[in-house]
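Hi there,

Here is the structure I promised to pass on. Have a look at it first, and my notes follow underneath.

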Amino acid sequence: MNRKAAFPGSFDPPTSGHVNIIHRAASIFDELVVVIAENRQKKYLFSAEERASMVRELVKNRENVTVTICDCLIVDYLKKMDINLLVRGVRGVEDFTYEFELSMMNRTLDPQIETIFMTTDPEYFVLRSSSIKELASFNGNLHGMVPPLVAKALKDKYDKN
Ligand code: ADP
């Protein structure tokens, strides 16, 4: 049986915490699809294409990981892709409260969807895309928080703005 799972998120930008979850999930499932969310209501620093190309570069050595962009409801997208396993990362209780509600909502929309929560590794548990963007905007040191290519992309973005 081919176990295919999706890991959806904003990845604005992808952090070392995201990459850690991707690698761990890719070792559990036969195939992992990283789904980059494109939500018109949200304001992103990086375009969906920029986020997808960063993630693609970061996972290029993992044959069973693919990266796609979704601009619709995730449950509709998963149905279209014939995937019913959804992976989400959890950094702590606050994340869990939000993630739990989201999983309830998704199961209400589609009872076939199973959400699998993966706890963060302790070294990544303070990493949050929003705080990384703030740090980057003040030219802070991002070493270890994001892969070097993401640190460069952040620098380029803030140098331009
Ligand atoms: P979203 O807008 O969907 O929350 P994010 O890119 O912020 O998108 O997060 C995508 C997923 O990755 C979420 O499940 C989030 O909890 C998880 N995640 C984010 N940062 C980390 C981290 N440092 N460790 C583990 N999981 C994380």
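Asparagine 139 is exposed, with a relative accessible area of 62%, in a model that, please keep in mind, is predicted. You will find asparagine 139 in the loop between helix 5 (129-137) and helix 6 (148-160). What caught my eye is its backbone: asparagine 139 is not a glycine, yet its phi is positive, at about 65 degrees. As background, most residues other than glycine have a negative phi, and most peptide bonds are trans.

Aspartate 82 belongs in the same part of my notes. Aspartate 82 also is not a glycine and has a positive phi, here about 60 degrees. Its place is the loop between helix 3 and strand 4, just after helix 3. With a relative accessibility of 69%, over the 50% cut-off, aspartate 82 counts as exposed.

The peptide bonds hold something to look at too. Aspartate 12 and proline 13 are joined by a cis peptide bond, with omega at about 0 degrees. Proline 13 sits in the loop between strand 1 and helix 1 (16-28).

Now back to helix 3, the one that comes just before aspartate 82. Which residues of helix 3 (residues 74-81) are buried? They are Ile74, Val75, Tyr77 and Leu78. Looking down the axis of helix 3, these buried residues fall within an arc of 160 degrees, so they line one face of the helix. The general rule behind such patterns is that an α-helix has 3.6 residues a turn, so residues three or four places apart point the same way. Lys79 and Lys80 are exposed on the other side of helix 3. The cover over the buried residues of helix 3 includes strand 1 (4-9), strand 2 (31-37), strand 3 (65-70), strand 4 (85-90) and helix 4 (93-109).

Last, the ligand. There are 17 residues around the ligand, and those that come nearest are Ser10, Phe11, Gly89, Thr120 and Tyr124. Here are three polar contacts to look up in your viewer:

- Histidine 18 has a polar side-chain atom 3.0 Å from an oxygen atom of the ligand.
- Glutamate 99 places a polar side-chain atom 3.3 Å from an oxygen atom of the ligand.
- Tyrosine 124 uses its backbone: an N or O atom there lies 3.0 Å from a nitrogen atom of the ligand.

How much of the ligand does the protein bury? Taken alone, the ligand exposes 550 Å², and the protein buries 89% of that.

Best wishes

Technical notes. Residues numbered from 1 in each chain as written. Predicted model: local features only at pLDDT ≥ 70, side-chain atom pairs only at ≥ 80, totals over all residues. Heavy atoms only, no water. Buried < 20%, exposed > 50% of the residue type's maximum accessible area, 1.4 Å probe, protein only. Helix = DSSP H or I, 4+ residues; strand = E, 2+ residues; numbered from the N terminus. Arc of directions from axis to C-beta. Contact = heavy atoms within 4.5 Å. Near = heavy atom within 4 Å. Polar contact = N/O pair within 3.5 Å; in protein donor to acceptor, adjacent residues only side chain to side chain. Areas by Shrake-Rupley, 256 points an atom, 1.4 Å probe, with all protein chains shown as cover.
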